[in-house]
Amino acid sequence: MTSVWPLLEPLLPRVQKPARYIGCEDGAKAKFPDPGLVSWCFTYPDTYEVGLPNQGLQILYEIVNERLDARADRSYAPWVDLEELMRQERIPLFSVEHHTPAGEFDAIAFNLSAELTYTNLLNCIDLAGLPIHSADRTERDSLIMVGGHCTYNPEPLADFVDVVVLGDGEEVVGEITEVMVRHLAPTADRPTTKFADRRALLVELAQLESVYVPSLYEMTYDGPKVASVEPLVDGLPTLIEKRTVADLADWPYPKEQLVPLTEVVHDRLNVEVFRGCTRGCRFCQAGMITRPVRERPADQVRTMVGEGLRRTGYDEVTLTSLSTADFSNVEDVVTDLINDGDDAGCGPVSVSLPSLRVDAFGVGIAAQLQRAKRGGLTFAPEAGTWRMRQIINKLIREEDLYQAVDAAFSQGWKRVKLYFLIGLPSETDEDTLGIAELAKNCVAIGKKHNNRASVTVSVGGFVPKPFTPFQWFGQNTAEELQRKVNLLRDATRKMRGVQLKWHDPRATLAEGIASRGDRRIGPVIEQVWRNGGVFQEWSEHFDIERWTTAMADHGLRVEDFVYRHRTEGEVLPWDHLWAGLHKDFLWQDWQDALAEVGLEDCRWTPCYDCGACTGYGIEHVVASATPPAGGSQGTGQDLTTGGAVPVTVLPSRHGPAPENRNENRIGEHAEASA
Amino acid sequence: MSPPPKLRLRIRFTKAGKIRFVSHRDVARLFERAMRIVRLPVAYSEGFSPRPKLSFGLALSVGHESDAEYLDVEVTEMPDVETMAAALSDALPDGLSVESVVVLEQGAASLQQVITSCTWRIEVLGAPTDSVAAAVAAALDAPELLLERVRKGKTAVADVRPAILALRVAGPFGGTPTKEGTPATGVPAGDGGLQHGTELEVELSNENTSLRPSELIEVLGRLAAGSDATEPDGGLLEGRVRRTHQWIEVDGIRSEPVSRPDASTRHELRRAS
């Protein structure tokens, strides 16, 4: 093993924020680089500040380092100033623990959480000194692996990655390690030569459940559409299924969350309280692909929070999930955590709940949250009118929003942020302008409590994602999104206390190209990267011209890949992958959306047979069989509980544990990181 | 009625090795966390977002090391000061080490107010020692040294000669040993790891006119280059920079905010000067 540190160190005084390249985090594992171990380099293809907090990578990093047959370091994309110096001085991408060249690891495993990082993925492979095309790599080269939500359509990256992992990574990372162990080259040849036979390794990996090796499958086309995806090797699955861990209680990771020396995003303790979501918001890929709901037991949450705060010295903890207000008895849990912090006598502890639903946010939670230091409050009504919210199945009423905002302002907040999508199916200008109307009314409510109350409206363009009911929907053009932004800008210009922010519609277009593309988009991504298009999530580096030019240069029409409505019988580029959801369920939900029919949360109502539970023999794991405050999606309808509801109720903290808690658990179905 | 007495501690610490690349602001955050880990009963400000009452002295530039950094912290009750230095060091990352903790007298002035000057060891690279020495001599002889710099968005020219209280060549040096160890294999000089240069010892004022180490190198570079040079900076580059002392001068008597502990008195309770 070599270290680039002596070469890197003299460059650091010349770059911005050099602390992101030194490692040294509390919680970092610097396991001895024994060539007999399988070595992983977990990499986030964006800056350290964005990538370090990624919980999926931290979980896998710990799990691998706990193994006797493997070790793991981490790496992040260097910012452009350091990259330029690295290329001048011929310094490769490196890990932050040992400053080992990334190309010396057996596997470089990327988390893909956003399509606009794809060009950075290519840049990282290139900076590691590896050929960017999978076909050009040999036994001497690291395996390039990807996981995370974007891998539910990995085809745009098929030319560049060797191994794709679908779903929860906790269990499969060990299985992949064990296969790699069997294929390692003799120790004397390592790390120069990594594997005895790369193709044999890939074929064996492709037989693991939830592992997809794109080079072993062929994709054919029918005009702009995909005709088929077939395995090229006998014995490989024609349908690759995602992993789902049945019980989060078995995976209390990260046990030692990394504490960076320099400020990063989400710079606080993060404890995942549940995975999955069945609210059924039709635009939300995360909610669809991570089903079913699996709650962590409240006492394990309390232990993880208490130990985490004591070890790290953080005074703030976020309870993470897709909709934390839905966590069973969330108010009691938050109260306990804050009281625990007071008892420990190390200053006020604040608890933040991301993804707050307005129908679950009352004065009770607001009062709890403001006992310690207060952060910002963001609510996500997502759409401006009830009609639109029925279409996207985010069934919150205006009154729900107003009472939530009233609760916030009454408890001392002076500003709340509201998040909306534009470019949703069948959206009219009335729906768009409804956003401004809601914002105005929220400011008026705030003024009752504080004359300086204000509302920030943040607007993003909608990108249809694979494995959602909207996967068939033709995305709005960049021009149409800009027109809607302009409508809102004009409408809010004279509204006192309303501040409008919007996401660049051109970036939304680029995201659309990558999110539902097929293998023909690979050369487009490559050209954007070759023309300097890195850090595409950063506006100062983004230029839509690079994308549209690359599309045209490869004879591809944006219309076909982004704006076109897909048809019912059409083969979608991800049809050979399985996120647990029946395609006919998604199609029916799409039709319901167009008919403006909402769908209730299946945690507390009968099953719709989407496939996520039944297909895996896993059930929702929740501690309370009654829905939280706000009722079912805020519709105010009475709920029937019990009956056909597939809910496994967790034992209460004081009560006896049901003996059959794990009855339906299937060992191999593990959970999802990212 | 007089306000209740404030309990304040003054902490002396060092910063060395890789962690020298961590900013002043991030060091403050590391201390806030370390104090919570050791359960130091830190006082908090009032208001919407309570903040721990910490106050740092002069900021240390990113990349510079120090043998003598200080911070003051207000507490709500007196902790066991004798064990606090070792406990804080354990809770801080490698490279940040607390040398001593003392109780401040009531009404003691803030670090920002009392520090009059700092002593630095500065490695200068990119030119032979004799030309650096000539520039040092020229600087000391100069009646004034004009430096153009941007402060608060405005460009201003100042005579910085009064800020140089002492300056000498401590000697040439043959490499840059680091905490992590000098690489065993030779790396090319220049931008590589093994470098050759000149070490300076300098005391720079923190009073009316102030001067930063990097600005001093800029001044020396101009003097080394002479008037007809192709390189206006004389080719001088900044190597390792380490603050060795911060000084409080009162009536011609110089002392440190907290004196450096020797081996026998390390971590013992001392009164602040």
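A charge sits over a ring if NZ of Lys or CZ of Arg is within 6 Å of the ring centre and within 35 degrees of the ring normal. In this predicted model, the charged end of K18(B) meets that description over the ring of W5(A), at 4.8 Å from its centre. Within chain A there is another such arrangement, in which R74(A) lies over the face of Y61(A), 4.9 Å from the ring centre.

From charges over rings we pass to rings against rings. Over all chains, the search of the whole structure finds 17 aromatic pairs. One of them joins W40(A) and F42(A), whose rings are stacked, with 5.3 Å from centre to centre and 15 degrees between the planes. W40(A) has 2% relative accessibility and therefore counts as buried, and F42(A), likewise at 2%, counts as buried too. The pair of W79(A) and F535(A) is tilted, because the planes stand at 55 degrees, while the ring centres lie 4.6 Å apart. This contact links distant parts of the chain, 456 residues apart: W79(A) is in the loop between β2 (70–76) and α4 (80–89), and F535(A) is in the loop between α17 (522–530) and α18 (544–553) of chain A. Both W79(A) and F535(A) are buried. Elsewhere, ring pairs link F462(A), F470(A), F473(A) and W590(A) into a cluster.

F42(A) also leads to the enclosed space of the model. Of the 11 cavities of 30 Å³ or more that the search finds, the largest has a volume of about 200 Å³. It is lined by 21 residues, and the closest to its centre are F42(A), L60(A), V146(A), G147(A) and V165(A). Two or more lining residues come from each of β1 (38–44), α3 (55–66), β3 (107–111), β4 (143–147) and α6 (172–183) of chain A. By class, this lining holds 13 nonpolar, seven polar and one charged residues.

The second largest cavity encloses about 110 Å³. Among its 13 lining residues, C602(A), C607(A), C610(A), C613(A) and H620(A) lie nearest the centre, and the lining as a whole divides into seven nonpolar, four polar and two charged residues.

Those cysteines raise the matter of sulfur pairing, and here the count of disulfides over all chains is zero. For C281(A), the nearest cysteine sulfur is that of C284(A), 6.1 Å away, whereas a disulfide needs the two sulfur atoms within 2.5 Å. C281(A) counts as buried because its relative accessibility is 11%, while C284(A), at 24%, counts as partly exposed.

Methods. Residues are numbered from 1 along each chain as its sequence is written. Chains are lettered from A and ligands numbered from 1 in the order in which they are written. This is a predicted model: local features need pLDDT of at least 70, side-chain atom pairs count only at pLDDT 80 or more; totals for chains, interfaces and linings use all residues. Side-chain values use heavy atoms; hydrogens and water are left out. Buried means under 20% relative accessible area, exposed over 50%, partly exposed in between (1.4 Å probe, protein chains only). On a 1 Å grid over the protein atoms alone, a cavity is a set of points where a 1.4 Å probe fits but cannot get out, and a pocket is an open set with protein on both sides within 12 Å along at least five of seven lines; lining residues have an atom within 4 Å of a point. Grid points are joined across faces, edges and corners, and a volume is the space filled by probe spheres set on the points. Helices (H or I, at least four residues) and strands (E, at least two) are DSSP runs, numbered from the N terminus. Ala, Val, Leu, Ile, Met, Phe, Trp, Tyr, Cys and Pro count as nonpolar, Asp, Glu, Lys and Arg as charged, and the others, Gly among them, as polar. Rings of Phe, Tyr and Trp (its six-membered ring) pair if their centres lie within 6.5 Å; planes under 30 degrees apart count as stacked, over 60 as edge-to-face and the rest as tilted.
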